[in-house]
Amino acid sequence: MQSIQELVERALAHIAQADSLAALDQARVQYVGKSGELTAQMKLLGGLAPEERKPFGQAVNTAKNRIEEAIEQRRAALQETAKPAGPELDVTLPGRRRWAGRVHPITATAETMKKILMGLGFSYEDYPDIESEYYNFDALNTPAWHPARDLHDTFYVGQGQLLRTHTTAFQARVMRASGGQVPIRAMTTGRCYRADDIDASHYPIFQQLDVFAVGRKLSMSDLRWTLTELAKGLFGAEAQLRFRPSYFPFTTPSAEVDVSCVVCKQKGCALCSRTGWLEVLGSGMTRPEVLRAGGLDPGKYQGFAFGIGVDRITMLRHQINDIRLLYDNEEAFLRQF
Ligand SMILES: [Zn+2]
């Protein structure tokens, strides 16, 4: 009996020290296997006196149960700790990052311009891409017979409806919505559509940003100041502007505006065709017909307006030489910005 007690204690200590499933199995074989130490004790049963058999047999069975129970517990513990270090999880591998999207360079440029102009007090609103002929042309001093309608090869989508050819179409809408409340400082941006040929600098879809102001005693100097602030915000403090006389049906006088070349600092390069200047926008003082279409009295108020090709500014900022790259949306191209 004493020897069985001693055997159990030895076995339990052995099991507790087993540090792997293989070592544990070795212990199992050593004590309760077919030729194990406890199994050998069981075989002594037959040689005992009848009155000794029962207590001896019970003692051996109890010992066997204790040992087997200890083996099962140890096995469960070893399997639990073995799991995370298993071959299916390699904790040394680098983590997998989620793909983050990014803002399209055209959107980023439009947002930058919006921020600068909001800082100058201009409010922002979206307007529909499908516009009426009236707001797109008539309200902008471009009646049906006007040659400017031939300049735009327009996508008409139905009776009196078209895909807007410029965001300038928003002007009369803003003036009418104001109900005669002046001053007005407003801007919008979005896609415009013209049946252009597709080449490196033309595309049937392009994005414009349009800005206009109406107030008392507004003059070209207000226009020039606003444009200078915008150019400095976009191209840096050293940006210079040049105004060239031009023609638009909705402004008089009108001016094309150039900015000093962002690449060569006016020394002359391929981007500016050796002139040192880049053509960036059209502008002018609002014509009385346009103010009248918006329900405002041109005898009391003046306005100025300008429109910028956001695509063109984006191409200049990033020195992209082909507009088609901006609309093809190749991931390899867009990932650079
Ligand atoms: Zn240049």
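In this predicted model, an open sheet is built from three strands (DSSP runs of E, at least two residues, numbered from the N terminus) in the order β2-β4-β3, with antiparallel pairing, where two strands pair if DSSP finds at least two bridges between them. Because β2 (130–132) and β3 (156–158) stand at the edges with a single partner strand each, one side of each is left without a neighbour in the sheet. From one strand to the next the twist averages 40°, the axes being lines fitted to C-alpha atoms and the angles running from 0 to 180 degrees between N-to-C directions. Two bridges join β3 to β4 (residues 161–163) in the antiparallel sense, and Tyr156 has Leu162 of β4 as its bridge partner.

Residues are numbered from 1 along each chain as its sequence is written. As the model is predicted, local features need pLDDT of at least 70 and side-chain atom pairs count only at pLDDT 80 or more, whereas totals for chains, interfaces and linings use all residues.

The largest nonpolar core (buried Ala, Val, Leu, Ile, Met, Phe, Trp, Tyr and Cys residues joined through C-beta atoms within 7 Å; buried means 20 or more other C-beta atoms within 10 Å of the residue's own, with C-beta atoms placed from the backbone) holds 50 residues, of which Val211, Phe212, Val214, Val280, Phe306 and Ile308 touch the most other members. Strand β6 (residues 205–215) supplies the largest share of this core, five residues. A second, separate core comprises twelve residues, including Leu24, Ala27, Ala63 and Ala70.

The chain is assigned domain 1 (2–82) and domain 2 (105–334), with bounds from an automatic or database domain assignment, and the centres of the two domains, taken over C-alpha atoms, are separated by 91 Å.

Terms used. Helices (H or I, at least four residues) and strands (E, at least two) are DSSP runs, numbered from the N terminus.
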